Amino acid sequence: MTAIPMFPLGSVHFPYTPLALRVFEPRYLTMIGRLLDEDDPQFGVVLIERGHEVGGGDRRSTIGTMARLVSVTAGAEVLQTVSVGAGRFTVEQWEDDEPYPRAEVTPIPGLVWNDALTPLRTEAEAIVRRTIPRAPEARWDADTELSDDPLAAAWQLAAMAPLGEYDRYALLRSTSVAALLRDVIDLTLEAEILWSAE
């Protein structure tokens with residue numbers, strides 16, 4: 001099992017969704033520099049469940065998403081990177097954080113789409129798009145276009161849903177597309193009730 005470069009973040013990253021990062025820490029600049037020498041540069045992204053990544057002492061989630069690096073723009077002591085989520089994985093063991101965080105991981109089999117889920121996906125999309133404009137903090141625009149690939153669109157809806165990181169991590173752990181879409185619906189409706197009560 002090979003250790004892969006890891007980027008712990010304060011947010012969940014989903015398959016089929018973009019991830020823009022402003023990289024300035026020396027160890028991550030080193031990591032990106034090494035990735036640029038590879039034919040298919042990828043790194044793992046996991047949620048920091050507790051603590052802060054800077055300075056160590058953080059607690060990291062055990063399920064994460066591979067991020068495929070698609071562009072890097074250099075600025076003054078900063079790199080602007082854009083990646084796209086690929087497959088999910090389970091962290092088996094963390095390695096030493098020097099020169100940057102690395103972990104041994106096991107890929108999680110991809111979810112399988114079934115056309116019978118189309119009505120559920122349509123319902124989830126309607127609810128997510130309806131709630132985004134009313135959410136206290138929305139990361140996505142309600143008019144964001146979804147992929148023509150229904151599986152990719154299901155993950156994109158999970159990313160678009162205006163939820164906190166705990167709920168987003170629950171979505172990332174989904175074991176089927178049906179469960180993913182049902183949870184997107186249920187968690188988004190629960191969140192909407194909470195906003196309305198505030």
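# A walk through strands, helices and charges

Let's begin inside: E165 and R168 are both buried. Keep in mind as we go that this is a predicted model. The two residues don't just share that label, since their side chains meet in a salt bridge, with 3.3 Å from N to O. Both sit in helix 4, three residues apart, so about one helical turn separates them. In general, side chains of opposite charge can pair when their charged atoms come close.

E165 has a second partner, too. It also forms a salt bridge with R139, and here the closest N and O atoms are 2.3 Å apart. Helix 4 covers residues 165-172, while R139 lies in the loop between helix 2 and helix 3 (150-160), so this pair ties together parts that are 26 residues apart in sequence. What is the relative accessible area of E165? The value is 17%, and because buried means under 20%, E165 counts as buried. R139 comes out as partly exposed, because its relative accessibility is 46%.

Now move over to helix 2, which runs over residues 118-131. Here the side chains of E125 and R129 meet in a salt bridge, at 2.9 Å from N to O. These two are four residues apart in the helix, or about one turn. E125 has a relative accessibility of 17%, so it counts as buried. The pairing is part of something wider: salt bridges that share partners join R121, E125 and R129 into one network. Across the model, the count comes to eight salt bridges.

R121 is also a handy place to jump to helix 5. I185 and R121 are 64 residues apart in sequence, yet their C-alpha atoms are 9.3 Å apart in space. I185 belongs to helix 5. Is I185 buried or exposed? With 6% relative accessibility, it counts as buried, because the cut-off for that label is under 20%.

Helix 5 has a hand in a surface feature as well. E123, D183, D186 and E190 gather there in a patch of negative charge. Which element gives the largest share of this negative patch? That would be helix 5 (residues 177-197), with three residues. E123, for its part, has its place in helix 2. Its relative accessibility is 41%, so E123 counts as partly exposed.

Time to leave the helices for the strands. Strand 2 (residues 18-23) has two faces: L19, L21 and V23 make up the covered one, while P18, A20 and R22 make up the uncovered one. If you're wondering about the every-other-residue pattern, side chains in a regular strand alternate between the two faces of the sheet. Strand 2 pairs with strand 5 (residues 79-94) in the antiparallel sense, over six bridges. To find your way into that pairing, look for V23, which stands opposite L79 in strand 5.

Last stop: a nonpolar patch on the surface. V70, V82 and V84 form it, and together they have about 200 Å² of accessible area. V70 has its place in strand 4, which spans residues 59-74. Why does V70 count as exposed? Its relative accessibility is 51%, and exposed means over 50%, so V70 gets that label.

Notes: Residues are numbered from 1 along each chain as its sequence is written. This is a predicted model: local features need pLDDT of at least 70, side-chain atom pairs count only at pLDDT 80 or more; totals for chains, interfaces and linings use all residues. Side-chain values use heavy atoms; hydrogens and water are left out. Patches are made of residues with over 30% relative accessible area and no salt bridge: like charges are joined within 9 Å, nonpolar side chains (Val, Leu, Ile, Met, Phe, Trp, Tyr) within 5 Å. Accessible areas come from the Shrake-Rupley method with a 1.4 Å probe; for residues, only the protein chains shown count as cover. A salt bridge is a side-chain nitrogen of Lys or Arg within 4 Å of a carboxyl oxygen of Asp or Glu. Lys and Arg count as positive and Asp and Glu as negative; His and the chain ends are not counted. The place of a charge is taken as NZ of Lys, CZ of Arg, CG of Asp or CD of Glu. Buried means under 20% relative accessible area, exposed over 50%, partly exposed in between (1.4 Å probe, protein chains only). Two strands pair if DSSP finds at least two bridges between them.
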